[in-house]
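Here is a short walk through the model, meant to be read with the structure open beside you. Feel free to rotate it as you go.

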Amino acid sequence: MGMPFLLSRLVLIIFVAHFAASKAAATRPGFIYTRTRGRCTPQFWSSRRESWPRMVPQRATVSKVFGSGVFERYGSDVTLLESTTRNDDENAFAGLLKQASAALLNSYAREGFPYSAWEVKTLLIQALVSKEAAATQAKQFSVANEACN
């Protein structure tokens, strides 16, 4: 057994070990790319990383999706996608719409989400009575959205 034979064996062993390690790494998620939370947040839905449920198209207006009760507050031209991209969370009603939109999407797309679609719609309309009610309900939707997988 000469030196070239040992060298070729060593290269083969390194190649096989590297291939096995890369195959194992490809089947399990890495630390950097693992996200156990955040698949249900408004930011996730606005990123369009996952297709939206067919019941609520991205271009649907919030007045069509949530009913005519929200028309007075949000108008007729705000789409569901726009509502998930809003950054004005200090406005209680804008935060409510953002979190309710994500909660509605989650109610259709995530099995076991704590709210059904009709509950999200009803709670949104009920919370429009005051800024305090809107902020409280937005926080409850936010907690459910953050806890969802």
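Among the elements that cover the buried residues of H7 are helix H3 (62-66), helix H6 (92-109) and helix H8 (131-147). Keep in mind that this is a predicted model. Helix H7 itself spans residues 117-127, and its buried residues are Ala117, Val120, Leu124 and Ala127. Why do they line one face of the helix? Seen down the axis of H7, the buried residues fall within an arc of 105°, so they share one face. The general background is friendly to remember: an α-helix has 3.6 residues a turn, so residues three or four places apart point the same way.

Stepping back, the protein has eight helices and zero strands. Read from the N terminus on, the order of elements is α-α-α-α-α-α-α-α. Of the 149 residues in the protein, 37% are buried. If you take the contacts between residues at least 6 apart in sequence, 57% of them join residues at least 24 apart. On the outside, the protein exposes about 9600 Å², and carbon and sulfur atoms supply 59% of that area.

Two serines are worth a visit, and the table puts them side by side.

| Residue | Helix | Relative accessibility | Class |
|---|---|---|---|
| Serine 83 | H5 (residues 80-85) | 0% | buried |
| Serine 47 | H2 (residues 42-47) | 35% | partly exposed |

Serine 83 counts as buried because its relative accessibility is 0%, and the cut-off for buried is under 20%. Which residues does serine 83 touch, not counting residues up to four places away in sequence? They are Val62, Val78, Leu97, Lys98 and Ser101.

Serine 47, in helix H2, counts as partly exposed because its relative accessibility is 35%, a value that falls between the 20% and 50% limits. How far apart in space are serine 47 and leucine 81, C-alpha to C-alpha? The distance is 9.4 Å, while along the sequence these two residues are 34 residues apart.

For a last stop, turn to the surface. Leu7, Leu10, Val11 and Ile14 form a nonpolar patch there. Together, these four residues have about 390 Å² of accessible area. Valine 11, one of the patch members, has its place in helix H1, which covers residues 3-27.

Key. Residues are numbered from 1 along each chain as its sequence is written. This is a predicted model: local features need pLDDT of at least 70, side-chain atom pairs count only at pLDDT 80 or more; totals for chains, interfaces and linings use all residues. Side-chain values use heavy atoms; hydrogens and water are left out. Helices (H or I, at least four residues) and strands (E, at least two) are DSSP runs, numbered from the N terminus. Buried means under 20% relative accessible area, exposed over 50%, partly exposed in between (1.4 Å probe, protein chains only). Contact means heavy atoms within 4.5 Å. The arc is that of the directions from the helix axis to the C-beta atoms. Patches are made of residues with over 30% relative accessible area and no salt bridge: like charges are joined within 9 Å, nonpolar side chains (Val, Leu, Ile, Met, Phe, Trp, Tyr) within 5 Å. Accessible areas come from the Shrake-Rupley method with a 1.4 Å probe; for residues, only the protein chains shown count as cover. A salt bridge is a side-chain nitrogen of Lys or Arg within 4 Å of a carboxyl oxygen of Asp or Glu.
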